[in-house]
Amino acid sequence: MKQFLKLQAVSLCALLAFLFATALPSQQYTFRQYGPSDGLTNLGVNCLLQDRTGYLWIGTDNGLFRYDGNTFQIFGHAEGLEDTEIRSLAESPQGVLWVATQAGVQRLIAGKFEQVDVGKKGLFLALAFDPQGRLYLEHHTGILRGQPNASGSYQFTMIEPGSIGGMFLHDEDVWFRRDGDLWRLLGDKTERVGSPAGLPTDLWGSITMDTLGDLWVRSATRLYELPHAQAKFVDRSEGIPNGLVSRVFADTHGSIYVSSSDGLVVLDGSNNSNRTYINAKHGLPSDVAGAVLIDRNQSLWIGMRGGGLIRRLGHGEWLSWKKADGLLNDSVWSVLHDPAGQLWVGTSAGLSIFAPNGAVAHSWTAHNGLTGDSVFALLAAPSGQIFAGTEPVGITRFSAQGLPLKSYGPASGLVSDQVNAIAIDHQDRLWVAAASGGCFRSLTPYTAADLKFERIDIAGIPPGAYTYDVHIDDAGMVWIATVNGVARFDGSHWRVFSKSDGLKSTDVVAVSINHGEVWVAYRDALGVARLRFHGEQVEITNFTQRDGLSSDLLYALAFDHTGKLWATTDNGVSVLAKGHWHHYGTEDGLIWDDGNDHALSIDAEDNVWIGTARGLSRYAAPPYPIPDAPSAVVLTSIQGISADGNSQEFQATDRPVLPHAQDTLLIQFSGLNFASESHTLYRYRLLGNKATWNETREKSVHFDGLPGGSYIFEVIAAGPNGLWSPVPARFAFSVKPPWWLSWWFILICVAAVLLVARTIWRLRVRALIAQKELLERQVAERTEELRESHRQLEEIAYHDVLTSLPNRRMFTEQFRARLALSRRHGDPFALFLIDLDSFKQTNDTFGHDAGDAVLIGSANLLHAAVRESDCVARVGGDEFAILLISPTDPEGIDMVCKRIVDSFAPGIPFNGSNLKASCTIGVAVFPRDGDKQDSLYKSADMALYEAKRMGGNTSCRYRPGL
């Protein structure tokens, strides 16, 4: 069995060593530091313990603290501690907390500490329980053992007198230091272990044993290991900093944690040869590390001497880099981990290339070889060469060693503002998504030295349309994310997927492909879509926050080799695995929640690289499984509050009966899932009031004005895994009703109210009948008056009095409505602006009556020339406008214009004769000639001006260059 464990641990350590070997030595972990502002009022942490409930206990130089994931509760003199310098913590098999202090040993009973008489006074340095429930105490005069009895008390005896240090229990073995040597007590037999096995004399202050049975001892300056079943100690001191606080700890996965004056050192890998340093250079907020704890969710806690309490965010799977670590800029737009182990990082200030040993091998900018400073795309070619796409637009070809070979820009056919993405098709040609320039493709395979590019016209997409991303699937088909939809090229034909196929929007920012499924991210905070194909039929499913995404605004998509979909958002990273979304954010170790466009890459080892505005993060899966258990939930505080502001504390086991004056209850709770403090979701209900569950992320609930009755409060919790607590935390209580809510008082009040109501009702009925008849007459008369008045006002407000056509106000509203409808459905329409020729001359020659006749006649002619669905309006003195819904093709528009112009030829009847009349027309079509009200109107006006310039009595359609 031990051999099996050793083989298992060696394999885990080898994997962990590989993951650390791929990290740059200047990487940063992310930590959360707890101190006075969080409620931890003493920063000298001596010991840590997580009890069976899940609470975290912190022993400090001045007080004991209990952390529930929300608040630190202090235990001091007021709670019965004789001395507040806590040296050691232990929990009995019955769940009782014991502490060792300068003044003796105490245990926590019902929220208060009581002193335990062990037969010795003064300083106790350590205490621990063995599997039989016996308590071992390290006193400055020796080791005592407490034997429990049936009453719950202990009988203590001195079992190993002398100057003892570093006591450690493993099963029934007691290890300790005496006279500078290592000893073991097994039963009643003591044996010297250290010097016979080659351990030098030293003040060995800490002892531990790992999962393989290897024994570790630590002094202020040295670290030694006694491998299992071997006879000699091995010196492991190389690379271990000295420590004022000399401690060594082992986790359940074979790793060793060594505290020092320069942070923490983690030993793992083959023969524990790999050393990972967690200190100020790698993000640790303080230097002198003391106690170490791996909690039940595998979070690493470090007690600092003078630095408070530190928790590493995540489980060590996230590493980060910033400008201070060698990046040219914190804003990372592209990243590539090449097969040779080099890391390529594109930023807003250039390209950094890190050698496999973590040193900065090269830094390239627009001043020494790059086509631009902002590097938005990186691609590793099968030949080992690397292509970098930049802004200003350009592509730089690099050798596998990171040296620039050739640059391509506008002179090579790339005419755009920036390169967003690059891909290589099955013919070894480069495809380039080049922002506002559209999509480009090299004329020859990428292996040619002098590449030329051609713009690719995509059927169904306007030339030069903005392109965001390009990918080549296993079948060789090219997929391009554009502002006009997702385009697919099968080698001979294009197909564009848009709203008509089921997409929410055609503005698509990213595309990723896995096993024939195509996933796309929308630009406009609409989530992500999955395209599944059944022959040529496509089935599109959209996913949003309601389906589990952390945000609907996505920046990049990528699949890892296990089939998980990774998506960067403005609220962390979402991962789709086995049909469920999981999330990572700054609380888990990600350097920053807001990602950058396309800054997502997954290398051959499934390391996930994510670029943000504040640096680069890398995710590597932990070499051991993270517990996937439901969150425990506890009630941390229960307060009954009366109307005068006085409060009363209750315990969860109490069943209080609250007076009516104390009908307000404040209940606080916690999920005790420290790795996901802000991600924990709670459900609560108050049986006796409402049986339905209510969801919240708050850690408290407030009940006001509870009526008399019996209640049971229940709460459950769920972490990011979505597993809910199987057993809720409960609190039962009752509220007394006030005397005015007693049954007899309510009955009297009801009877009195009914009697008074009946009397009033009878008196009022008569008056109401008379009033009803009068009001009905008045209402009918007034309604008719208002209806007529409203009709007249509406006629005046929206129609031209002379021609009865819609006026400018009504035309403007219909214009806006038509624009909105056309944008939504993509339907074009035409705007006609019409001026009457020589109208002023007619008005001056024949008088205003003739002018009015011309206006009325013109209105009738215009209305007769178009369909009922088209809008004809008088927008000025002799100015008219038409919104033509159909036709919108040039030939159809010309026919309508000719029909209007020809209709004016016979003239306008007036006093038995015909007045000469003609008109000039300017036409603009949405959206070709303008996609906004002002721009379309301006285009039509320019066309009208051109028609007038041509002599009038004609029409002109808008064209560029007018």
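The following paragraphs describe selected sheets, helix packings, an aromatic pair and a cavity in a predicted model.

Along the chain, an open sheet of four strands may be taken as the starting point, with the order β10-β11-β12-β13 and antiparallel pairing. Its edges are formed by β10 (124–129) and β13 (154–161), each of which pairs on one side only. Direction ignored, neighbouring strands of this sheet are turned by 20 degrees against each other on average. Within the sheet, β12 (residues 142–148) and β13 are joined in the antiparallel sense over seven bridges. One position in this pairing places isoleucine 143 opposite glutamate 160 in β13. In a regular strand, side chains alternate between the two faces of the sheet.

The next region of interest concerns enclosed space. The model contains five cavities of 30 Å³ or more, and the second largest has a volume of about 70 Å³. Its lining includes Gly438 and Cys439, a group formed by Ile456, Asp457 and Ile458, and the residues Ile461, Pro462, Pro463, Gly464 and Ala465. Thr467 and Thr482 also line this second largest cavity. By class, seven of the lining residues are nonpolar, four are polar and one is charged. Aspartate counts as charged and glycine as polar, so Asp457 is the charged residue of this lining, and Gly438 and Gly464 are among the polar ones.

Aromatic contacts can be considered next. Across the whole structure there are 45 aromatic pairs. One of them brings together tryptophan 479 and phenylalanine 533, whose ring centres lie 5.8 Å apart; their planes meet at 55 degrees, so the pair is tilted. This pair links distant parts of the chain, 54 residues apart: tryptophan 479 belongs to strand β43 (residues 478–482) and phenylalanine 533 to strand β48 (residues 528–534).

A hairpin lies further along the chain. Strands β61 (residues 681–687) and β62 (residues 690–696) pair in the antiparallel sense over four bridges. Tyrosine 682 stands opposite threonine 696 in β62. Two residues separate the strands of this hairpin, and glycine 688 adopts a positive phi near 105 degrees.

The final region combines a sheet with helices. Five strands form an open sheet of mixed pairing, in the order β67-β68-β66-β71-β72. The edge positions are held by β67 (871–874) and β72 (955–957); each has a single partner strand, so one side of each lacks a neighbour in the sheet. From one strand to the next, the twist averages 15 degrees. At one end of the order, β71 (residues 919–926) pairs with β72 in the parallel sense over three bridges, and isoleucine 921 stands opposite serine 955 in β72.

Helix α5 (residues 848–865) packs on this sheet, where it touches β66 (829–836), β67 and β68 (879–884), and its direction makes about 10 degrees with that of β68. Helix α7 (residues 933–949) lies across β66, β71 and β72, and runs at about 145 degrees to β71. Helix α5 also packs against α4 (residues 839–846), at an angle of about 140 degrees and with the axes 6 Å apart. In this contact, α4 contributes Phe839, Thr842, Asn843 and Phe846, while α5 contributes His848, Ala850, Gly851, Val854 and Leu855. The contact residues divide into five nonpolar and four polar, with no charged residue.

Terms used:
Residues are numbered from 1 along each chain as its sequence is written. This is a predicted model: local features need pLDDT of at least 70, side-chain atom pairs count only at pLDDT 80 or more; totals for chains, interfaces and linings use all residues. Side-chain values use heavy atoms; hydrogens and water are left out. Two strands pair if DSSP finds at least two bridges between them. Axes are lines fitted to C-alpha atoms, for helices over the stretch in contact, and angles run from 0 to 180 degrees between N-to-C directions. Contact means heavy atoms within 4.5 Å. On a 1 Å grid over the protein atoms alone, a cavity is a set of points where a 1.4 Å probe fits but cannot get out, and a pocket is an open set with protein on both sides within 12 Å along at least five of seven lines; lining residues have an atom within 4 Å of a point. Grid points are joined across faces, edges and corners, and a volume is the space filled by probe spheres set on the points. Rings of Phe, Tyr and Trp (its six-membered ring) pair if their centres lie within 6.5 Å; planes under 30 degrees apart count as stacked, over 60 as edge-to-face and the rest as tilted.
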